[in-house]
Amino acid sequence: MMGKTVCYDFVLYLAEICMHTIACCSFKGGTAKTSTVMHLGVFLAKKFHKKVLLIDFDAQANLSTGLGFSSDEEDTMVAVLREEKTIQEVIKQSHIKGLDVVPGNVYLDGVEATAPIVNDLYGHERLRKAIAGLDYDFVFIDTPPSLGWLTQSAFFAANYSMIAAVPEPYSILALNRLQEYHEKIGNHHNLEILGVVLSFWDERGATNQAFVNAIDQAFPDKLFDTKIRRDICVSRAVLRGKPVCDVYPESRAAYDYERLAAEVMKRITGEKEKKKSLEAVHV
Ligand SMILES: Nc1ncnc2c1ncn2[C@@H]1O[C@H](COP(=O)(O)OP(=O)(O)OP(=O)(O)O)[C@@H](O)[C@H]1O
Ligand SMILES: [Mg+2]
């Protein structure tokens, strides 16, 4: 019996180190978190043939509607957090091969105050436990624009965080807050910052360099080279419940998101190599 448990734990451990779980966050709203999660998922599945799961962990359920699902879905992480369903029962296939989704709904808001989570001292570990043992190359968690319970749970479930920013003063000021938050989480949990994504980029913006410098100061060497340029096609595609590359394959945004997906792949593979060589040094 004991042997079986150890073996199962080892399988879970292997699954965890092979599966990259990325929480996309920002303290400020409207920084393209949802658009980034959706398009990275789409391109990693479509172009890189990866198995990807997107978790809509925001009561606004924008990720769900952006991929053509209803925002009133009953099968969401709410049921999983409340132990009414397993995560396998709420995973839905998207129209893209290799891309699955756990939709969100309005009941995610305040879910931590409902039974049985409210009585669980370790309630914020429930998302991490729910996804442990899943068989995906990448899991992306879309979080709400706050550092509340949902975002905290997403950070505990993730091994990487991805920070969404826009070239605006309030977004950049919020980065310092986020940096402190990462530091605090990092004291209790192994969370690596994968990178900072700048969206709504205007190549001719007069203050671009100032924003880039501020990001470098808060998160040194973490800014992705690829910037997602402002492109009305992103919103137009949302209205049709589709990713931008389905509706406007030649758009700037489709091009930028494909490059960002390639950069994410490169960073994660690079991190793996770095960890391997560090382990070799310690042996
Ligand atoms: N590169 C872009 N160019 C133009 N519009 C964009 C771009 N990226 C996202 N948008 C639009 O901006 C709005 C906000 O984007 P999105 O929902 O991805 O941000 P968010 O950070 O998830 O917002 P929230 O904080 O409310 O969750 C959406 O209407 C989206 O379609
Ligand atoms: Mg969002």
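This passage walks through the fold of a predicted protein model, from its sheet to its core and its ligand shell. Residues are numbered from 1 along each chain as its sequence is written, while chains are lettered from A and ligands numbered from 1 in the order in which they are written. Because the model is predicted, local features need pLDDT of at least 70 and side-chain atom pairs count only at pLDDT 80 or more, whereas totals for chains, interfaces and linings use all residues.

The protein holds twelve helices and seven strands. Both are DSSP runs numbered from the N terminus, helices being H or I over at least four residues and strands being E over at least two. Of its 283 residues, 41% count as buried. Here a residue is buried if 20 or more other C-beta atoms lie within 10 Å of its own, exposed if 12 or fewer do, and partly exposed in between, with C-beta atoms placed from the backbone.

Let us start with the sheet. Strands of a sheet pair through backbone hydrogen bonds, either parallel or antiparallel. In this model, seven strands make an open sheet with mixed pairing, in the order β3-β4-β2-β5-β1-β6-β7. Two strands are taken as paired if DSSP finds at least two bridges between them. At the edges are β3 (92-93) and β7 (192-198), each of which pairs on one side only.

Strand β1 is a good place to look inside. It pairs in the parallel sense with β5 over five bridges, and A23 has I141 of β5 as its bridge partner. With β6, β1 pairs in the parallel sense over four bridges; there, I22 is partnered by Y160. Six of the six residues of β1 are buried, so this strand is largely enclosed by the rest of the structure. Both of its faces are covered, with H20, I22 and C24 buried on one side and T21, A23 and C25 buried on the other.

Strand β5 (residues 138-142) also pairs in the parallel sense with β2 (residues 52-56), over five bridges, and L53 stands opposite V139 in β5. Helix α8 (residues 169-186) packs on the sheet, touching β6 and β7, and its direction makes about 165° with that of β6. Such angles run from 0 to 180 degrees between N-to-C directions, with axes being lines fitted to C-alpha atoms, for helices over the stretch in contact.

I55 lies in strand β2. This residue counts as buried because it has 30 C-beta neighbours inside 10 Å. Leaving aside neighbours within four places in sequence, I55 is in contact (C-beta atoms, placed from the backbone, within 7 Å) with M77, V102, V139, I141 and D142.

In soluble globular proteins, nonpolar side chains tend to be buried together. The largest nonpolar core of this model has 76 residues, among which M77, I141 and A165 touch the most other members. Helix α2 gives the most to this core, with seven residues. A nonpolar core is a set of buried Ala, Val, Leu, Ile, Met, Phe, Trp, Tyr and Cys residues joined through C-beta atoms within 7 Å.

Finally, there is the ligand. Of the 23 residues around ligand 1 (C-beta atom, placed from the backbone, within 6 Å), G29, K33, T34, S35 and P145 come nearest. Helices α2 and α10 (233-239) each supply at least two residues of this shell.

Methods:
Contact = placed C-beta atoms within 7 Å.
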